[in-house]
Amino acid sequence: MTDVVEAKDLSKWYGQVLGLNGFTASFGSGITGLVGPNGAGKSTLFKLLIGQLHSDKGELRLLGEDPWNNVGLKHRIGYCPEHNQLYGWMTATRFVETLLRLDGMPAADARAKAAAALELVGLTSAKDRPLRTYSRGMRQRAKLAQALAHEPEILILDEPLSGADPVGRVQILKTIAGFARDGGHVLMSTHVLYEIERITENIVLIHNGKGIASGNLHAIRALIDKHPHAVRIATPTPRDLAKALASMDHVVSLEVPEPDVLVVRTRQPDAFYRELPGIVADGRLDVRGLESPDDSLEAVFRYLVG
Amino acid sequence: MAFADDLKRAPVVMALTLRYLLGTRRVIAMGLLAGVPVLLTGSLALAGVATFDILLFQSLMIPLFLQVVLIFVTLVNATTLIREEIEDNTLPYLLTRPISKPAVVGAKYAGYLAAVLILLVPPVVGAYVITEAYEGVALSTDADVLAGFLATTVLGSAAYGALFLFISVIVRKPLAVGLLIGFVWESIAGAIPGNLPKLSLIHYLRSILKGTIEVGPLSGFVTDVSAPLAVAVLVGATASLLIAAMLVFQQSEFRQKA
């Protein structure tokens, strides 16, 4: 079976700026998370997928078709852009209804479908309010409603959780999961790995316009874990602490860059964080603060690309 | 099949455009500007100006309505159609629906034309009615004047709209370019001897007025373009510019604004 998305050596330049750089990846059915830091090329890939941009090089297929100026493909796609701009002067009902009419739906059906979609994303009580009065989280849900109201085969969601409040996040994730459970495909981007962990294990990592890893989340996690994870520990006795930590077999290096700082590199961060409190307590050591410069996804990507 | 689908969906885009141009606050400013002929003729009538007649009406309408109000209203509304959607990042909502890009342009243009005619035609008729009523003559007395101004309003709205729409799909700051073309080029070209005025739309609009109005300030306007030819040129220019806008838009890429 053909993959939902197939990209081969895909490149896109914006003048001198590189949007995608020989991106190659295939996304199968279900939910796929496209994870990468800001500016990695996620939105460029999505705009190529919805036919808003044309690639400079390489091949791209969405549901087996070339998306550029492919009108016939569009009713199979539901797209949720990254930006929160909407037709602020419209109510949510009118917004979704109008876009459904553009899918060729009769007015009465469009009205019913719009109401159903807005209910699905939890906006029924606000459906007749102008969109300009919506919070960022509500806008995200309105965007999601218009993307799925016409029952597309694939949802392409560009940072759908960005700016959403906790309740909105749950609602959005629930809606996405439900769509996938009913047989739909979802391609969702985020720059926060943990956001996507909750609904899928299929991840594609993108950095500097290149696909740097893809597959099962656990496999990627293992890949990430092969690279030493740095922990910066504030302590008045870094050498004593270093002596105690040296016995941990997953610790690959210990460094004292400042008189009251110890930097530890470990191949098993989970084990390190689990064992550290015991070692500190047993040795009666003084640890005043912990921070990991590797917490950000950017750092993980830097490891993966060497 | 695809064309039939576009035709079916185009009215939705047209209605969306109409609602935006006439249903949002922007219509207040546009309405006030478009209403200038009525405000002016109404003021003249209220002031009891002795020389206020159909000749004065024409003398005021040509420089004021044709060369200012018409150009400004068409410029502001036509450049909004595509460029504002790009600037506001709302264009993806339309472009991810099963309607072709040229059909989006065509439908937006149709919505624009309907909106500007709703804004511009009633004030022209209203100003004419006020003038004839003030003179105390039957409304049909100077029907040629009304016909001439209605024709130029419709054809001018169509042609300037297509021109400004085309500009808006090829440049990022269409309003500035449109102001230059609408108020500088259109004014200067008409004053240059030879065939250069034929490169301005206003030349053909004036030619229509000269050809349809028996007595008026344009009696001395020199043109070898008959009214029917002027109509044909304006219709041709409108169609060409609109098709060009569709073709450019079809091949355009859209980066989201940061």
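**Note on the predicted two-chain model: cores, sheet and contact**

1. A245(B) touches V105(B), A162(B), L165(B), F166(B) and V169(B), leaving aside residues up to four places away in sequence; contact here requires C-beta atoms, placed from the backbone, to lie within 7 Å. This is a predicted model, in which local features need pLDDT of at least 70 and side-chain atom pairs count only at pLDDT 80 or more, whereas totals for chains, interfaces and linings use all residues. Residues are numbered from 1 along each chain as its sequence is written, and chains are lettered from A and ligands numbered from 1 in the order in which they are written.

2. A245(B) is also among the residues with the most contacts inside the largest nonpolar core, which has 134 residues; the others so listed are V96(A), A145(A), I156(A), A162(B) and L165(B). Helix α6 (residues 101–135) of chain B gives the most to this core, with 15 residues. Apart from it lies another core, of nine residues, including V231(A), I233(A), L245(A) and V251(A). A core in this sense is a set of buried Ala, Val, Leu, Ile, Met, Phe, Trp, Tyr and Cys residues joined through C-beta atoms within 7 Å; a residue is buried if 20 or more other C-beta atoms lie within 10 Å of its own, exposed if 12 or fewer, and partly exposed in between, with C-beta atoms placed from the backbone.

3. Chain A is divided into domain 1 (5–223) and domain 2 (226–304), with bounds that come from an automatic or database domain assignment. The C-alpha centres of these two domains of chain A lie 38 Å apart.

4. Chain A holds an open, mixed sheet of six strands in the order β5-β6-β7-β3-β8-β9, where helices (H or I, at least four residues) and strands (E, at least two) are DSSP runs numbered from the N terminus, and two strands pair if DSSP finds at least two bridges between them. Its edge strands, each pairing on one side only, are β5 (77–80) and β9 (210–216) of chain A.

5. β5(A) and β6(A) (residues 154–158) pair in the parallel sense over four bridges, and C80(A) stands opposite L157(A) in β6(A). Five bridges join β6(A) to β7(A), again in parallel, with I156(A) opposite L187(A); five bridges also join β3(A) to β7(A), which run parallel, and there T32(A) has L187(A) as its bridge partner.

6. Both faces of β7(A) are covered, since H185(A), L187(A) and S189(A) on one side and V186(A), M188(A) and T190(A) on the other are all buried. Helix α5 (residues 166–181) of chain A lies across β3, β6 and β7 of chain A, running at about 150 degrees to β7(A); axes are lines fitted to C-alpha atoms, for helices over the stretch in contact, and angles run from 0 to 180 degrees between N-to-C directions.

7. Two glutamates that flank β6(A) in the loops deserve a check of their backbone. E151(A), in the loop between α4 (136–148) and β6 of chain A, has a positive phi near 55 degrees and counts as partly exposed, with 14 C-beta neighbours inside 10 Å. E159(A), in the loop between β6 and α5 of chain A, has a positive phi of about 50 degrees, but is buried, with 24 other C-beta atoms within 10 Å.

8. The contact between the chains takes 23 residues from chain B and 27 residues from chain A. On the side of chain B that touches chain A, the largest share, six residues, comes from α1(B).

Note on methods
Two residues are in contact if their C-beta atoms, placed from the backbone, lie within 7 Å.
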